[in-house]
Amino acid sequence: MDLKVSAKFANHQSVMDTLDNQQLVWDLQMNLNKIMEENTRLVKQMEFDQLIPFVYQIQQAKRIFITAAGRSGFAMQSAAMRLMHLGLTVYYVGETTSPAIAKGDLLITASGSGTTGSVVKAAEKSISVGASVVAITTNAESPLAKLASHVVLVPAAEKEDHSKKISNQYAGSLFEQFLLLLNDAVFQSLWKLSGEAAETLWERHANLE
């Protein structure tokens, strides 16, 4: 291949790479727009009155225990951190320092399907000792919802719903994303009700990082 042909080929390849990268940029932007649109739609579909008992139970609980699995678990760990910042006694189930749950405590659970085995068992155990259970789920008829003393119903798709009628995202992505946003909204209201300054909350933030 002579130098002219080689240069022409290289230039053509560069143009193709640029087009491919631009297409990827468009795809990424479209994906993010779709994610934001789906979460915004959920906000409009949510019945926010159902969060009032949730807020009150958090305020009144002696101690708060939180459990979920998979990506929902990551979102709920974030919620646990924020409740700790409010000065509440919070434990994430499964951690080595998490004690026994007891009467007067609150277990906050999250499961899109409401059938996650470990979460359902935690709810059963909590109820057996007299603790209250809040379930955040998409399925009001699920075993978890039927066990709970209060249900927060999120009208997102379950992870095995591949119909794309509710969400174009993979598996339970929409529920998991909204779970983080919903708990942050609850935290914001609890923070306002507490009347504490941001500086006070910050003093509780981990300092061994």
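Two strands are said to pair if DSSP finds at least two bridges between them. Helices (H or I, at least four residues) and strands (E, at least two) are themselves DSSP runs, numbered from the N terminus. In this structure, β1 and β2 run parallel and are joined by three bridges.

The model described here is predicted, so that local features need pLDDT of at least 70 and side-chain atom pairs count only at pLDDT 80 or more, while totals for chains, interfaces and linings use all residues. Residues are numbered from 1 along each chain as its sequence is written, and side-chain values use heavy atoms, with hydrogens and water left out.

**The sheet**

Strands of a sheet pair through backbone hydrogen bonds, either parallel or antiparallel. Here, five strands form an open sheet with parallel pairing, in the order β2-β1-β3-β4-β5. The edges are taken by β2 (90–92) and β5 (150–153); each has a single partner strand, so one side of each is left without a neighbour in the sheet. On average, neighbouring strands of this sheet are turned by 20° against each other, direction ignored; the axes behind this angle are lines fitted to C-alpha atoms, for helices over the stretch in contact, and angles run from 0 to 180 degrees between N-to-C directions.

Strand β1 (residues 64–68) pairs with β3 in the parallel sense over five bridges. Strand β3 also pairs in the parallel sense with β4 (residues 132–137), over five bridges. The table lists residues that stand opposite each other in these strands.

| Residue | Partner residue | Strand of partner |
|---|---|---|
| Phe65 | Tyr91 | β2 |
| Phe65 | Leu107 | β3 |
| Ile66 | Tyr92 | β2 |
| Ile66 | Ile108 | β3 |
| Leu107 | Val133 | β4 |

Helices link some of these strands. A right-handed β-α-β unit is made by β1, α3 and β2, and another right-handed unit consists of β3, helix α4 (residues 117–128) and β4. A crossover is right-handed if, with the strands pointing away from the viewer, the path from the first strand over the helix to the second runs clockwise.

**Burial of the strands**

Buried means under 20% relative accessible area, exposed over 50%, and partly exposed in between (1.4 Å probe, protein chains only). Five of the five residues of β3 (residues 106–110) are buried, so this strand is largely enclosed by the rest of the structure. Leu106, Ile108 and Ala110 lie on one side of β3 and Leu107 and Thr109 on the other, and both faces are covered. In β1, Ile64, Ile66 and Ala68 point one way, whereas Phe65 and Thr67 point the other way, and all are buried.

By contrast, Ser78 is partly exposed, with a relative accessible area of 32%. Ser78 lies in helix α3. Its C-alpha atom is separated by 7.3 Å from that of Leu180, 102 residues apart along the chain.

**The cavity**

On a 1 Å grid over the protein atoms alone, a cavity is a set of points where a 1.4 Å probe fits but cannot get out, and lining residues have an atom within 4 Å of a point. Grid points are joined across faces, edges and corners, and a volume is the space filled by probe spheres set on the points.

The structure holds one cavity of 30 Å³ or more. The largest cavity has a volume of about 70 Å³. Its lining includes Ile66, Ile108, Met76 and Phe187. Helices α2 (51–60), α3 (70–85) and α6 (173–194) each supply at least two residues of this lining.

How values were computed
1 Å grid on protein atoms, 1.4 Å probe; cavity = no way out; pocket = protein on both sides within 12 Å on 5 of 7 lines; lining within 4 Å.
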